[in-house]
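Subject: Structure for you to look at

Hi,

Here is the structure I promised to pass on. Please have a look at it in your viewer, and then read my notes below.

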Amino acid sequence: MKKTTISIFMLLFFAVQGFAQEAQSKIIAKGATLTKLSGEFAFTEGPAADAKGNVFFTDQPNDKIYKWSAEDNTISVFMDKTSRSNGLYFDHQGNLLSCADLENQLISIDKNQKITVLVNDFEGKKFNGPNDLWVAPNGGIYFTDPFYKRPYWKHTEMELPEKRVYYLSPDKRTVTIAAREFVAPNGIIGTPDGKTLYVADISGQKTYTFPINSDGTLGERKLFAAMGSDGMTLDKKGNVYVTGKGVTVFDKNGTKIEHIDVKEPWTANVTFGGKDRKTLFITASKSVYTLKMKVKGA
């Protein structure tokens with residue numbers, strides 16, 4: 001009887017400890033649970049929030065961009081035939097920028113769904129397949145260019161010799177190599193002050209930081225975390241959210257502070273949306289999820 005009592009006590013102790021740890025999360029709202037909005041897509045990617053907190057995301061295999069409404073929590077088709085859009089990001093004028101790898105381009109989509117090609121090639125050679133991007137405060141654009149063979153491509157080999165990070169100047173006239181020597185650069189995000197760039201080498205299983213110089217060039221890379229990522233985002237506290245098997249969160253010093261389990265084969269990307277920017281929006285395999293947070297997106 002005494003042994004049984006002790007066992008029950010221990011079970012209760014660990015259960016209370018578990019609840020206490022959950023309640024003590026510094027970033028997830030109290031009592032919040034991961035909410036599945038829909039699981040009817042082929043593969044979701046590229047979430048980006050507009051000025052109102054609506055989140056746009058892609059279903060690349062079906063060549064569509066969807067919109068999640070921060071107003072009424074509904075999902076609708078924003079655009080069909082999107083040049084196989086993948087990673088998305090809004091520029092300072094409200095245009096939706098896209099890594100569109102039908103023709104391996106960087107494109108801009110205005111509110112009327114008119115497409116303008118921003119980047120078509122580098123030194124006359126086709127990009128490997130722009131994957132993710134970030135717009136700096138000065139309007140310059142950093143984007144990753146790994147190589148993932150698509151069934152709709154006519155080519156099967158890279159025209160460029162490396163998988164790099166590129167920088168498109170604020171006037172949209174010049175593309176330069178921002179960083180190189182990656183296995184496969186993928187997720188990318190920068191700080192709101194425009195001073196630091198995070199780049200995930202997903203195949204190299206590393207995430208790096210780079211200081212951003214005043215002319216847009218990058219300084220010396222530093223290892224941030226021994227984990228790669230598909231997509232990334234930041235919150236107001238400087239925490240970095242990386243994806244793959246769920247969402248793993250590191251503080252600004254590279255210390256792991258949270259893991260959000262997502263019951264899907266792969267978690268591709270993440271961003272903050274909602275009217276108050278406290279909704280974490282997650283694209284994972286065939287589904288999209290939301291999670292209420294204590295912190296706001298950066």
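What follows is a short tour of two sheets and how their strands pair.

Please keep in mind that this is a predicted model.

Let me start with the sheet that holds E2. Four strands, in the order E2-E3-E4-E5, make up an open sheet with antiparallel pairing. Its edges are strand E2 (44-49) and strand E5 (75-80), and each of these pairs on one side only. From one strand to the next, the twist averages 25°.

Inside that sheet, strand E3 (residues 55-59) and strand E4 (residues 64-68) run antiparallel and are joined by 5 bridges. If you would like a residue pair to find on screen, look for Phe 56, which stands opposite Lys 67 in E4.

Now to the sheet that holds E14. Here 4 strands form an open sheet, ordered E14-E15-E16-E17, and the pairing is antiparallel. Which strands stand at the edges? They are strand E14 (185-190) and strand E17 (222-225); each has a single partner strand, so one side of each is left without a neighbour in the sheet. The twist in this sheet averages 30° from one strand to the next.

Edge strand E17 is worth a click as well. Strand E16 (residues 206-211) pairs with E17 in the antiparallel sense, over 3 bridges. Thr 209 has Lys 222 in E17 as its bridge partner.

Happy to talk it through whenever suits you.

Best wishes

Technical notes:
Residues numbered from 1 in each chain as written. Predicted model: local features only at pLDDT ≥ 70, side-chain atom pairs only at ≥ 80, totals over all residues. Heavy atoms only, no water. Pairing = 2+ DSSP bridges. Helix = DSSP H or I, 4+ residues; strand = E, 2+ residues; numbered from the N terminus. Axes fitted to C-alpha atoms, helices over the stretch in contact; angles between N-to-C directions.
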